[in-house]
Each structure stands twice: as C-alpha cells, then as structure tokens.
Amino acid sequence: MKFILNTIAITAFLLLNSFTNKGFSLQALESNTVDSEVITGLENIYNLRFNDAESVFRNIQKSNPADLRGYFYESLLYFYKALPSRDDEMFEKYISLSDNVIERAEKLLEKNENNFDAMYYKGLSHSYRSLLMLSLNKSLLKAASNGNDGYRILSALIEKNPEYYDAYMGLGLYKIAIGFVPEKFRWLLSLIGFSGNISEGRNLLKKSLNKGHYTKTDSKVFLSIFSIREKEDEDTQSLTYSKELIQEYPESPVFKVFYSSLLLQYGFSEEAVNIADLAIEQNNFSFREEIIKAASAVKGSAYFRMNDYVKCTENLEEYMKYVNKEDRYNVYLFTLGVAYELQGNRQKAVEKYKNVRNNFISERDGELDRLFYRYAQNKIKTPLSEFDKKMITAMNLRESGKADNAISVYNEYLNSIESGNSFSDDEKIRFYYDLGVAYTYKKNSDKAEECFNKCIKLKPQQEKWLVPHSYFELGKIYYKNSNRKKAEEMFETVYSYDDFDFESFLEMRMANYISK
C-alpha cells in the first residue's frame, strides 16, 4: 500500500490544486484575461511544466497586481515542491508566500467583508498550510489552527454565496480528512471545533466536480482516491475516475503514475507496469526524479506480485537511487531483501534488511516503517522458511486476482497447521488471516468467518496486530450478512485494543467502510 502514499504525495499538487480557484466575481473583461492565463498555468501544472506555470503566475502579478490568483498559485508551486521532497527550505518558502497571500486577502476584506475571492484565497491558504504541516509532521497545534481557520472561512463563503462551487472542493476534502483522523488523535477534533464526515465530503467533491469551474479535474483526482473500497467489494469507481484523467490529459506522466498505482492495488499488475512505463517515457519536465521513483516503486511491487523477483529487484533498486533521507521506504527495502532471498541470494538479502531504518518509526506516519523494521530485524536473524515462501506465493496470487490458486497453496499447509504444535501462534495467525482474506475475495463468508474466528482465539507474540484486524474482517462479514448488531460489536472490539501495528491504518479503513 505504501506505493499509493508515495504517488499521492507526487500528485498532491493536482489533488489539492484546483480547489484553489474562484467563482466569477471580478470585472468581466479583466476576469476573462486572467482566467485564460490561470487555465494555461493549470494546464502546465497538470503536465508538470512547473517553470512555465511559474512564469504565467508571475506575469499575472505584474499585469494584475491586485489579483490574488497570481500570488496564490505561485505559493502553491512551493507547496507542490515541499510535499514530496519534505525539503525544509521549500516548506519555509511556501509559508512565506502563503503569508503574503493571506495578508493581501485581509487588506481586501477590510475594504469589503463580502469580497468572495479574498475569502476564498485566504481560507484555502490556511487549508493548504494545515495539510502541509500535517503531511510533513510539523506542529499539530499550528496545523489544527490553520485547518480551523480555513474551514471556518470557506464555510462562511458558502453560506454567503452557495453558488461559489469551487469552494465545495476544499470543504469536501477537509470533511474527509477529519473523518479519517485515527482514534488516538481525536483530541485534535476538539481543537478544530467540528467533526468529519467522509460520505458528506465525497458528496461535496461530487458537487465541485459537476458544477465547479476550475475544480473539475482535481475533484476527480480526489474522488479517485476517496472512492477506494475494500477489495472484495469490487467497486472500481476510483479506477474509472483515474482512467478518465489519463484520457483527458494524455501528456501527463503524474496521472499515469497515479493510475498505475491504483491498477496495482486492484490486482492488475501487468497493466500497472505498462502504464508506469508510459509515465517514464513522458517524463520530460518537472518532478522527473519523483516520477522515476514512483513509477519504479509501482513496477517493482507489481513484479513482486507476479513472482518475478529478478525484475522486482531491478526496479526497486532503481527506486532506491532516488529516495531522500526523509522518505519512508522501509517497505521497499524489506521487499528488496525478500526478493533477493527468493532468488537464493541470502547475503544480498541481509544487506537490504540491515539497511531498513528506525528513523521514523515513532512518527505519526511511521506505522508502515515500524512494521517492516521489525520484520527486517527478524529476517536478519532467521532466513525465510519454506512456510514463509509459500505464504508469499499465495499472497501474491491472492492479490493478483487469483484467489482459487492462492487457496490451493494455503491448503497445502492446512492439515499441518491444524494437526499439531509444529507451528507457533504467530505462524498460525498469519496463515488463518491470509486464508480468511482469500475466502473473503471469493465471497465465501462462511469459510472466511471460520478463519477469522480462529485468529481471535490465538495468542501470538509478534503478530498481535492481526487480532484486531481479524475483528474488523468479522465485522465486515456480519455487516454484509445484515447482522448489524454483531458487526457493530466487532468494530467496537477493535477499539479495545491499543498500540498495535497498523492501528491508525485500521481505524481509517473502518471509518471508510462504515461511511459507505
């Protein structure tokens, strides 16, 4: 799943970009001229022509110094640069430029408190600051304060002018973001002063998609992310949105990388590789290293899914050439190690396992790194067993849409798992959980329920996290079988567990599932 997060970081410039645009309240002639320039700048951004976009926005500043758009879009270019790079210099540059936008907007509002454009750009500047601070693990208090200001201003704007449709995108995004806040960070909601609602947020995004002026493209990008469902639901709406984007912007490598990552998540590994290759071919402008990095991560992960470990290592080695010290890349280093070990190169595998870092395992976004750091330490001491190898093969088959083949591989160990004490509870819970997921994909709820019920009765030492995750899987089964009371009981049981691997991620999955 980490490849999705990396790709989202790269695409955030367009994910967040166009909920930044205006309604239609400037002088008509001047507005038409600036609108045309803004559209040109946005087209450049979508196609990663950042230098051209910056020239456009600076020209707007020179020709229309009172128009906030030129200053606002210039600031966003540094938002785009700071988000994937985590570069403090880019972050500070963005903060400085967004300060300028807010100050200019406030001066306009002093003259006319109903200046809708000034409200819009001030509110969105605060919203972007909040998002960037959260993404880069900056001050939670400052992020909360900016988020509160942004939401308050945009809400006031919509109340005064309900037809300012582009603003609905910002509100929708924030509703969704707060709806995903994990349980242990819920105190943040009290600081912000409102509650999230994922379903309502999606509806607001659909409104900006259907009626917005500049926000149609970015609303579609957001919807492609926030329409992702549990895999067994076979809901491909997110893929549909993303595919439309690559058709509408055929020259955009970033849309292709994003689409390829979604294809991989949905189990279409070969197509994911093909689209990632196209992204690399078109990678001629800004973010070149980021595009290579993201596309290589997708390809390496896809080849691992296809059990082609030679091509997996080739592409993940390419990915590692472009990582920076702030990247969260433990999952890829660990996957590299496993892929080398599956090729029989234990020495190279151990080298990769030893390079897995503990730098960010205590950060808010460090869950994945923490899990794979632990896995790497175990594999340094103990080589992959035959059981491990079979589990990897079955997982890859399962996640590639071949659940029947996966179940056949799992069944090779079923009698041994059930017949004696040769397997630890850690191995058993891995086995039953993975087999349960395979049956879930097959929509065999009886078999899946049987597996997950076995999981919650085990006492693993290392894989304790699979117990609350199993309760979530049971909750989904009961929910689909219309046993809402039992489903709620399972979901509530999840919250009785604390400090386990993938805790925040599981809570986000639950929030997304319950919101549908």
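Is Gly 196 buried, exposed or partly exposed? Select Gly 196 and keep the question in mind while the view settles. This is a predicted model, so please read everything on this tour as a description of a prediction.

**Stop 1: Gly 196**

With a relative accessibility of 27%, Gly 196 counts as partly exposed. You will find Gly 196 in the loop that runs between helix H9 (187-192) and helix H10 (198-211). Now add Lys 175, Ile 178 and Gly 179 to your selection: Gly 196 touches these three, leaving aside residues up to four places away in sequence. Show Tyr 174 as well and draw a distance between the two C-alpha atoms. Gly 196 and Tyr 174 are 22 residues apart along the chain, and their C-alpha atoms are separated by 7.6 Å.

**Stop 2: the whole protein**

Zoom out and switch to a cartoon view. The secondary structure comes to 26 helices and zero strands. Along the principal axes, the C-alpha trace spans about 80 × 50 × 35 Å. The radius of gyration is 24 Å, which agrees with the value near 24 Å that a compact globule of 516 residues would have.

If you colour by accessibility, expect buried residues to make up 59% of the 516. Turn on the surface next: the accessible area comes to about 21600 Å², and carbon and sulfur atoms account for 47% of it. Of the contacts with a separation of 6 or more, 65% are between residues 24 or more positions apart.

**Stop 3: Phe 50 and an aromatic cluster**

Select Phe 50, which lies in helix H3 (residues 50-63). Phe 50 is buried, with a relative accessible area of 3%. Add Ser 286 to the view: the C-alpha atoms of Phe 50 and Ser 286 are separated by 5.9 Å, although the two residues are 236 apart along the chain.

Phe 50 is also a member of an aromatic cluster. To see the cluster whole, show the side chains of Phe 50, Phe 57, Phe 72, Tyr 73, Phe 79, Tyr 80, Tyr 94, Tyr 120, Tyr 121, Tyr 128, Tyr 164 and Phe 287.

**Stop 4: two ring pairs**

Across the whole structure, a search finds 36 aromatic pairs. Begin with Tyr 120 and Tyr 121, whose rings are 5.4 Å apart centre to centre, with 65 degrees between the planes, in an edge-to-face arrangement. Tyr 120 and Tyr 121 are both buried.

Now move to Tyr 479 and Tyr 513. Their ring centres are 5.5 Å apart and their planes meet at 70 degrees, so this pair is edge-to-face; the angle cut-off for that label is over 60 degrees. Tyr 479 belongs to helix H24 (residues 466-480) and Tyr 513 to helix H26 (residues 503-514), so the pair ties together parts that are 34 residues apart in sequence. Compare the surroundings of each ring: Tyr 479 is partly exposed at 22% relative accessible area, whereas Tyr 513 is buried at 2%.

**Stop 5: charges over rings**

Select Arg 328 and Phe 360. The charged end of Arg 328 sits over the ring of Phe 360, at 3.7 Å from the ring centre. Then go to Lys 93 and Tyr 78, where Lys 93 lies over the face of the tyrosine, 5.7 Å from the ring centre.

**Stop 6: Thr 313**

Select Thr 313 in helix H16 (residues 309-321). Its relative accessible area is 6%, so Thr 313 counts as buried. Which backbone oxygen lies 2.7 Å from a polar atom of the Thr 313 side chain? That oxygen belongs to Val 310. Not counting residues up to four places away in sequence, Thr 313 touches Leu 336, Ala 339, Tyr 340 and Gln 343.

**Stop 7: two loop residues with positive phi**

Finish with Arg 86 and Asp 499. Phi of Arg 86 is near 60 degrees, a positive value in a residue other than glycine, and Asp 499 also has a positive phi near 60 degrees. Arg 86 is in the loop between helix H4 (68-85) and helix H5 (88-111), and Asp 499 is in the loop between helix H25 (484-494) and H26.

Are these residues buried or exposed? Arg 86 is buried, with 18% relative accessible area, while Asp 499 is exposed, at 70%.

Terms used: Residues numbered from 1 in each chain as written. Heavy atoms only, no water. Phe/Tyr/Trp six-rings, centres within 6.5 Å; stacked < 30°, edge-to-face > 60°. Buried < 20%, exposed > 50% of the residue type's maximum accessible area, 1.4 Å probe, protein only. Helix = DSSP H or I, 4+ residues; strand = E, 2+ residues; numbered from the N terminus. Lys NZ or Arg CZ within 6 Å of the ring centre and 35° of its normal. Rg over C-alpha atoms; globule rule 2.2 N^0.38 Å. Contact = heavy atoms within 4.5 Å. Areas by Shrake-Rupley, 256 points an atom, 1.4 Å probe, with all protein chains shown as cover. Polar contact = N/O pair within 3.5 Å; in protein donor to acceptor, adjacent residues only side chain to side chain.
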